[in-house]
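Open the model in your viewer and keep the selection tool ready. The tour goes from one chain to its core, and then to the contact between chains.

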Amino acid sequence: MKTNNYNEETEKTMQVLDALTKVKSSPFFITRLEARFDKKQEANNYSIQWKTSLKYAFFIVIIALNVIASYSYIKGGNSKKETRESMIQELSGTYFSTSSNSNSITFQ
Amino acid sequence: MNNREAFRQLVDQYKDKVVNTCYGFVHQKEDAEDIAQDVFIEAWLSYPKFRGESSLSTWLYRIAINKSLDALRKQKTKKYIGLFKNLLHISDESVDNLKHTEPNPLQQIEQYEREQALYKALDKIPVNQKIAITLSKFEDLSMKEIADVMETSESAVESLLSRAKVSLRKHLEDYYKNI
């Protein structure tokens with residue numbers, strides 16, 4: 001009967017579960033694995049070197065920017081000092097002028 | 001002992017177990033070896049993180065299972081892409097690689113066909129049941145060992161194995177009814 005047929009086939013196939021063929025690795029498994037591992041290590045090393053170079057380059061750029069900024073600040077500070085002194089002189093000339101005929105200081 | 005020798009020793013000791021475990025999931029020797037290589041590379045690179053809470057073999061089995069399941073997911077995606085490309089008449093060699101290899105001449109044809117039917121049924125059962133039955137039948141692990149790998153209790157493993165057999169039987173009955 002058909003029902004018995006596929007039941008029988010099912011049971012026979014289920015029995016295969018208890019007698020499965022085990023596979024073993026091929027003779028060149030370790031050799032291939034080592035080659036693949038070395039390639040991966042090489043790629044990792046290259047990536048580390050590239051990242052380290054990038055870090056140094058970034059560090060140098062930051063220092064350079066700081067040096068430029070400091071130089072600009074110092075230079076700009078000196079010229080500001082000169083501007084301030086000339087402004088003081090101008091102001092004092094304007095506000096603290098003495099007339100030729102008077103001893104008093106005239107505030108304008 | 002230097003690193004290279006230590007790595008070789010690790011591989012030598014466990015390669016057959018790992019390849020066989022992966023074979024239990026992917027049913028293709030070449031694919032199983034590729035995945036096993038990934039397992040050993042990952043194991044070596046992440047060894048500093050291994051805290052020794054489980055045995056080394058248990059840890060390797062876990063990596064092997066994760067890698068095998070990842071490979072199966074990628075295979076499914078490739079299959080769908082392949083089907084889509086077939087619809088558009090685009091050929092793809094990688095899809096052809098999904099075909100099963102020719103049977104080993106030394107195996108009896110019937111044994112081979114039954115194994116293939118079993119593998120198809122295995123691919124349809126839930127993942128946890130598949131893991132439990134693969135470790136039990138392909139690797140002959142004890143309940144305790146399977147429980148350690150799956151990080152669950154022995155009674156849970158027993159339940160999974162029992163349900164796995166019921167699921168397999170059901171899928172095989174459907175398979176034999178339709179041929």
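Start with Ala132(B). This is a predicted model. Setting aside neighbours within four places in sequence, select what Ala132(B) contacts: Ile146(B), Met150(B), Val157(B), Leu160(B), Leu161(B) and Ala164(B).

Next, widen the selection to the largest nonpolar core, which has 40 residues. Ala132(B) is among those with the most contacts inside this core. Add the others on that list: Val18(B), Cys22(B), Ala36(B), Val39(B), Leu60(B) and Ala64(B).

Which elements each supply at least two residues of this core? In chain B, pick α1 (3–26), α2 (29–45), α3 (56–87), α5 (109–122), α6 (127–137), α7 (143–150) and α8 (154–178). Then cross to chain A and pick α2 (29–95), which also belongs to this group. The largest share, eight residues, comes from α1(B). Colour chain B by domain: domain 1 (1–101) and domain 2 (106–179) each give the core at least three residues.

Now show chain B whole, as a cartoon. Chain B has eight helices and zero strands. Of its 179 residues, 31% count as buried. Turn on a contact map for chain B: among contacts with a separation of 6 or more, 61% join residues 24 or more positions apart.

Last stop: the contact between the chains. Select 22 residues from chain A and 29 residues from chain B. On the side of chain A that touches chain B, α1 (2–16) and α2 of chain A are the elements giving two or more residues. Colour that side by class: ten residues are nonpolar, five polar and seven charged.

Definitions and conventions: Residues are numbered from 1 along each chain as its sequence is written. Chains are lettered from A and ligands numbered from 1 in the order in which they are written. This is a predicted model: local features need pLDDT of at least 70, side-chain atom pairs count only at pLDDT 80 or more; totals for chains, interfaces and linings use all residues. A nonpolar core is a set of buried Ala, Val, Leu, Ile, Met, Phe, Trp, Tyr and Cys residues joined through C-beta atoms within 7 Å. A residue is buried if 20 or more other C-beta atoms lie within 10 Å of its own, exposed if 12 or fewer, and partly exposed in between; C-beta atoms are placed from the backbone. Helices (H or I, at least four residues) and strands (E, at least two) are DSSP runs, numbered from the N terminus. Domain bounds come from an automatic or database domain assignment. Two residues are in contact if their C-beta atoms, placed from the backbone, lie within 7 Å. Ala, Val, Leu, Ile, Met, Phe, Trp, Tyr, Cys and Pro count as nonpolar, Asp, Glu, Lys and Arg as charged, and the others, Gly among them, as polar.
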